Amino acid sequence: MLQERIADVGKFVEPDRVRREVYTDPRIFELEMQRIHETVWIYCGHESQVPKAGDYYTVQIGRQPMLMVRGADGKINVLYNRCPHRGNMMCGDRHGNAGEFFRCSYHAWQFHLDGKLKNIPMMESGYAGTRFGKDSPDCSMKRAARVENYRGFVFASLASDGPTLLEFLGESKVAFDDMCDRAPEGEVEVVPNCFRVIQHSNWKIFLENQLDALHPSVTHQSTGRAAHEVEKQIAKKAKKGEAPLSYHMLSAFATVTIDKWDNFQTLNYPNGHCILTGYMGLRPRDPDTLAYDKLMIKAYGQKRFEEIVGVNIHHVLIYPGLSVQSPLQQLRAVRPLGVDRTLTEIWHFRLKGAPEAIYRRSLAYYNLVNSPATLVNADDLENFWKCHQGLSSDGGDWVTFGRHYGRDLIKGNAVETAPNCGTSEAPMRNQMKAWAEYMRGA
Ligand code: FES
Ligand SMILES: [Fe+2]
């Protein structure tokens, strides 16, 4: 067993530091795939990606190529993307419509959209008296052990036992509530298609960066400064003295200086999930926002509206594979491909029933901050690659997560950063704590 060859994974993780092999050892990566990604709930996609029967999207869960497909009955199935005959992948395209059933391109075995065998060419003459045929489970496409959907977001677990999706998500489900509640119709819709970026670094490096409040004003300072310069020039010329909100999305990297990031707070929960509060909780008063507010009040009433837009979240990290910025309807799914290769799918969503201008805001953030075209993303990617290179060297054995260690506040099963400790490395400690628990098989 792989696990026996890696003596005591616990020795790789201490509360405030982690051995470098955790990021670079291919054997540890293999065990992570078994123990974490192919066990816990992994995000497959949003139901609006597959609106019609036969619509499918391929998705990677751990090392397994999977298919998310809408069945004839309207239900969403998650299947292994593999023909049970000789193993051919059923769908080679990233997404499409299978029609009324799947038909393998190799020998034309056919399957219903829930994976059950429909027909084999000359089945009677070819298989009568053998153990293969219509009723043999080996002749159907294998299904993910469990599939659940929360507010349109579809997850699958390849393990038949374990917590339910809601038990797994715990407090982090606020990511989906916050996103959907901000829509006058209470639902979001995916914007096709996503950006796909392959990072040449370990998957955990990306996740550890998501709530790293110390890095933005350093790594993204050059972008922030440039944006702030232009913002000031536009503001000078503009009648009302304000540049469009999209400039603020970038200039904040310079105007929120390094010391101010300690004013934010992170909340850290079981299973490695973490929340960064603040920042985008701001409520602009421009005409577009006021028009949106009106629609929201009509839909929800004043009291509920205040509750919804008062949710003060910038970022939710759902360990081990999802980074959600709910107030701006952004979602990034993390798919490890190898110990030093990680795919991120970068999506954004439309609030159903909200004015076009509000959608444009989400699109602006998507393009300016999260897309591969922005320097914000490029600067992060360069750090990730350089981190992976450094960790692959013999220059040191440990990665340290000691910032504000010992100062966090324990509240029930949550760990909150104390006042003025927003740059605490508590989120990284929390993720590695969950990692060690999963790897021990806890
Ligand atoms: S491999 Fe699919 S039908 Fe033969
Ligand atoms: Fe960054």
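The exercises below, each with a worked solution, concern a predicted model.

**Exercise 1. Describe how helix H11 and helix H12 pack, and state which residues make the contact.**

Two packed helices are described by the angle between their axes and the distance between those axes. Begin, then, with the two elements themselves: helix H11 covers residues 287-300 and helix H12 covers residues 302-309, and they pack at an angle of about 125° with their axes 7 Å apart. Next, classify the angle: roughly perpendicular ends at 115 degrees and roughly antiparallel applies over 145, and H11 and H12 are therefore oblique to each other. The handedness comes next, and the crossing of H11 and H12 is right-handed. On the side of H11 the contact is made by Asp293, Met296, Ile297 and Tyr300, while H12 contributes Gln302, Arg304, Phe305 and Ile308. Finally, sort these residues by character, which gives five nonpolar, one polar and two charged residues in the contact of H11 with H12.

**Exercise 2. Classify the aromatic pairs that Tyr43 forms with Phe153 and with Phe155, and locate each partner in the chain.**

The model holds 14 aromatic pairs, counted with ring centres within 6.5 Å. Take first the pair of Tyr43 and Phe153, whose ring centres are 6.2 Å apart and whose planes meet at 40°, so that the pair is tilted. As to location, Tyr43 belongs to strand E3 (residues 42-46) and Phe153 to strand E12 (residues 153-157), and the pair links distant parts of the chain, 110 residues apart.

Turn next to the pair of Tyr43 and Phe155, which is edge-to-face, with 5.5 Å from centre to centre and 65° between the planes. Because Tyr43 lies in strand E3 and Phe155 in strand E12, this pair ties together parts that are 112 residues apart in sequence.

The last step is to ask whether these three residues are buried or exposed. Tyr43, at 3% relative accessibility, counts as buried; Phe153 is buried with a relative accessible area of 0%, and Phe155 is buried with a relative accessible area of 1%. To complete the picture, one aromatic cluster is formed by Tyr43, Tyr150, Phe153, Phe155, Phe176 and Phe349.

**Exercise 3. Locate the peptide bonds from Pro192 to Asn193 and from Tyr319 to Pro320, and state their geometry.**

Most residues other than glycine have a negative phi, and most peptide bonds are trans. With that background, consider the bond that joins Pro192 and Asn193, which is cis with omega about 5°. Asn193 is placed in the loop between strand E13 (188-190) and strand E14 (195-199). The bond from Tyr319 to Pro320 is likewise cis, and its omega is near 10°. Pro320 sits in the loop that runs between strand E17 (313-318) and strand E18 (322-325).

**Exercise 4. Examine the phi values of Ala108 and His404, and decide whether each residue is buried or exposed.**

For Ala108, phi is positive at about 65°, although this residue is not a glycine. Its position is in the loop between strand E8 (102-103) and strand E9 (110-111). The relative accessible area of Ala108 is 17%, under the 20% cut-off, and Ala108 is therefore buried.

For His404, which is also a residue other than glycine, phi is positive and near 60°. His404 lies in the loop between strand E21 (398-400) and strand E22 (409-411). With a relative accessible area of 13%, His404 is likewise buried.

How values were computed: Residues are numbered from 1 along each chain as its sequence is written. Chains are lettered from A and ligands numbered from 1 in the order in which they are written. This is a predicted model: local features need pLDDT of at least 70, side-chain atom pairs count only at pLDDT 80 or more; totals for chains, interfaces and linings use all residues. Side-chain values use heavy atoms; hydrogens and water are left out. Axes are lines fitted to C-alpha atoms, for helices over the stretch in contact, and angles run from 0 to 180 degrees between N-to-C directions. Helices (H or I, at least four residues) and strands (E, at least two) are DSSP runs, numbered from the N terminus. A crossing is left-handed if the near helix is turned anticlockwise from the far one by less than a right angle, and right-handed if clockwise. Contact means heavy atoms within 4.5 Å. Ala, Val, Leu, Ile, Met, Phe, Trp, Tyr, Cys and Pro count as nonpolar, Asp, Glu, Lys and Arg as charged, and the others, Gly among them, as polar. Rings of Phe, Tyr and Trp (its six-membered ring) pair if their centres lie within 6.5 Å; planes under 30 degrees apart count as stacked, over 60 as edge-to-face and the rest as tilted. Buried means under 20% relative accessible area, exposed over 50%, partly exposed in between (1.4 Å probe, protein chains only).
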